[in-house]
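Trainee: I'm new to this one. Could you walk me through some of its charged pairs and how their labels are earned?

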Amino acid sequence: MRVPLNSTIQDIRPSGIRKFFDIVIEMKDAVSLGVGEPDFDTPWHIREEGIYSLEKGRGHYTSNAGLKELRMEISNYLLRRFGLEYKWDKEVLVTIGGSEAIDLAMRVMLNPGDEVLLPQPSYVSYDPCIRMAGGKPVIIELQEKDDFRITAEQIRNACTEKTKILVLPFPNNPTGAVMSREELEPIAEVVREKDLFVVSDEIYAELTYGEKHSSIAGLPGMRERTIVINGFSKAYAMTGWRLGYACGPEIILSQMTKLHQFAIMCAPTTSQYAAIEALKNGDGDVEMMCDAYDKRRRYLLHEFRRIGLPCFEARGAFYVFPCIRSLGMTSDEFATKLLMEEKVAVVPGTAFGDCGEGFLRISYAYSIDKLKVAMERIEKFVTAHRS
């Protein structure tokens, strides 16, 4: 009997995040800092709008691209918050989370053998989505000396005749790195020079600490070359509602919508009505949650430095990325021993690319009380293994 499986799918490794999550859910008194999910409940007025939509019987299919009202609000929101202008009826697609938008973008833009410049460490889905679309990931290792930002020189050096797409994952998961407009300008110059396209994952755009997020799509000549991906999971604490969106030039968005039409039909109707309310009246909720994350961020940075583990100062998302090389363990060894000895779950940096070796991803989408318990255990573990 022949193996009834696609060889490309077989060769893709499962997510390194889930390995530790699956263990910790079976472990009594364990503290998990591994999952990138807000600990806040979806704000009540957003939930209420979802409930109301069900009470009114709004459970039918929507347009493939999403509710007209939602696409209009997405267009208004991007203009209001980031100065990005998109036509709601031709350049906005509502998806099942940002992850579907990434998959769609890769599948409609890549031909077999096309190369994609992929900065790492970065979100676990980019590499598999590129491979499943027949593309070839070309890894660009982000360096701590560069504050885990990508440089124009790195992009230029990695380009070949087959290079088609650059992935821009900022604010970054897992490092928390951000990129300013000034830092994006030389990158945009290389993109235009090399005739590339950009998939800009901006799911953490609202979660920055200090400097407001800048999108490369807002730079001259970049709107027509960029797919902006965003969603509701992180900023509005709506992970389980599974709602994201993509914006970009009509020539690309029309093909993404066609693929979405055949694979999905439309995003969940209830979630779409709730998302309209989030965009209209959710700015205060976002600000409140962002302030809370910032307090947690500063607490963890202080604590890791106090116990002698260098920690890059994250400026976005809700993760810190401490270095554990001084303990002489691999990232996987540290995470495994910490879980077994002190019942704290973290994610090894290698889950986000081989260049994440020597680091851990710690999520601070958890309460201060939980973070304090975790840090007490981590300090005990570090002290024991240093001696």
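Mentor: Gladly! Let's begin with Asp127, which counts as buried at 17% relative accessibility. Keep in mind that this is a predicted model.

Trainee: Why is Asp127 called buried?

Mentor: Buried means under 20% relative accessible area, and Asp127 has 17%, so the label fits.

Trainee: And what makes Arg131 partly exposed?

Mentor: Partly exposed lies between 20% and 50%. Arg131 comes to 41%, so it belongs in that class.

Trainee: How do you know that Asp127 and Arg131 form a salt bridge?

Mentor: The rule asks for a side-chain nitrogen of Lys or Arg within 4 Å of a carboxyl oxygen of Asp or Glu. For Asp127 and Arg131 the N to O distance is 2.5 Å, which meets the rule. Both residues sit in helix H6 (residues 126–132), 4 residues apart, or about one turn of the helix.

Trainee: Why is the bridge between Arg223 and Glu91 said to link distant parts of the chain?

Mentor: The closest N and O atoms of Arg223 and Glu91 are 2.4 Å apart. Arg223 is in the loop between strands E6 and E7, Glu91 is in the loop between helix H4 and strand E2, and the two are 132 residues apart.

Trainee: Is Glu91 buried or exposed?

Mentor: Buried, because its relative accessibility of 7% falls under the 20% cut-off. Arg223, at 29%, is partly exposed.

Trainee: How many salt bridges does the rule give?

Mentor: The count comes to 20 salt bridges.

Notes. Residues are numbered from 1 along each chain as its sequence is written. This is a predicted model: local features need pLDDT of at least 70, side-chain atom pairs count only at pLDDT 80 or more; totals for chains, interfaces and linings use all residues. Side-chain values use heavy atoms; hydrogens and water are left out. Buried means under 20% relative accessible area, exposed over 50%, partly exposed in between (1.4 Å probe, protein chains only).
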